[in-house]
Amino acid sequence: MEITYTLAEIDQVAKNIIAYCKHKTILFEGEMGAGKTTLIKSIVKNLGSLDSVSSPTFSIVNEYRDKNELPIYHFDFYRIEDSFEVGQLGLDDYFGQNCWTLIEWPQKINTFLPKPSHTVKLNSINNVKRMLTVS
């Protein structure tokens, strides 16, 4: 699936991604400023969460609740330096659950990534347009 969109269309894009994804783990790839966190905010909202969504850059993971009070995990691995650090996070406890898991900067933890998953690749076209592909 490939979509070009503006910020005004992001909620519909989020709904399309949720409907398209057969697996609840989604890996978000893109340069800094490509819109990963903004898209995740919309996905979390469209999963029925009333929580305030922010980037977990320093905390590594934020937990939100969907409309059924099930957890939604939002990871940001940008600050991860090495595999020892990843091993200390207890990712199996998070990845072993059947809940939505949204991961920014997944390339930092390649060998630890849960399977199966989908990948959303984001590209900035200009200041107002983004393009994404979902696989």
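Begin by selecting helix 2, which in this predicted model lies across strand 1, strand 2, strand 3, strand 4 (71–76), strand 5, strand 6 and strand 7. Colour strand 5 as well, and compare directions: helix 2 runs at about 170° to strand 5.

Next, bring up the strands without the helices. Seven strands make up an open sheet of mixed pairing, and their order across it is 1-7-6-2-5-4-3. At the edges are strand 1 (2–6) and strand 3 (61–65), each of which pairs on one side only. If you turn the view to look along the sheet, the twist to look for averages 20° from one strand to the next.

Now select strand 1 together with strand 7 (residues 129–134), which pair in the antiparallel sense over five bridges. Within this pair, pick glutamate 2 and look across to strand 7, where threonine 133 is its bridge partner.

Keep strand 7 on screen and add strand 6, which is joined to strand 7 by five bridges and runs antiparallel to it. These two strands form a hairpin, with four residues between them. To find one of the pairings, select serine 124, whose bridge partner in strand 7 is arginine 130.

From strand 6, move to strand 2, where the sense of the pairing is parallel and four bridges join the two strands. Here leucine 27 can be selected as a marker, as it stands opposite threonine 119 in strand 6.

With these strands still visible, restore helix 1, which lies across strand 1, strand 2 (25–29), strand 5 (100–104), strand 6 (118–124) and strand 7. Helix 1 runs at about 155° to strand 1.

Finally, hide the sheet and show helix 1 (residues 10–20) beside helix 2 (residues 36–46), whose axes come within 8 Å and cross at roughly 70°. Since angles of 65 to 115 degrees count as roughly perpendicular, the two helices are therefore roughly perpendicular to each other. The crossing of helix 1 and helix 2 is right-handed.

Which residues of helix 1 and helix 2 meet? On the helix 1 side, select Ile10, Asp11, Val13, Ala14, Lys15, Ile17 and Ile18, and on the helix 2 side Thr38, Leu39, Ser42, Ile43, Lys45 and Asn46. Coloured by character, the residues of this contact of helix 1 with helix 2 divide into seven nonpolar, three polar and three charged.

Note on methods
Residues numbered from 1 in each chain as written. Predicted model: local features only at pLDDT ≥ 70, side-chain atom pairs only at ≥ 80, totals over all residues. Heavy atoms only, no water. Axes fitted to C-alpha atoms, helices over the stretch in contact; angles between N-to-C directions. Parallel < 35°, antiparallel > 145°, perpendicular 65-115°, else oblique. Left-handed = near helix turned anticlockwise from the far one by under 90°. Contact = heavy atoms within 4.5 Å. Nonpolar A, V, L, I, M, F, W, Y, C, P; charged D, E, K, R; others polar. Pairing = 2+ DSSP bridges.
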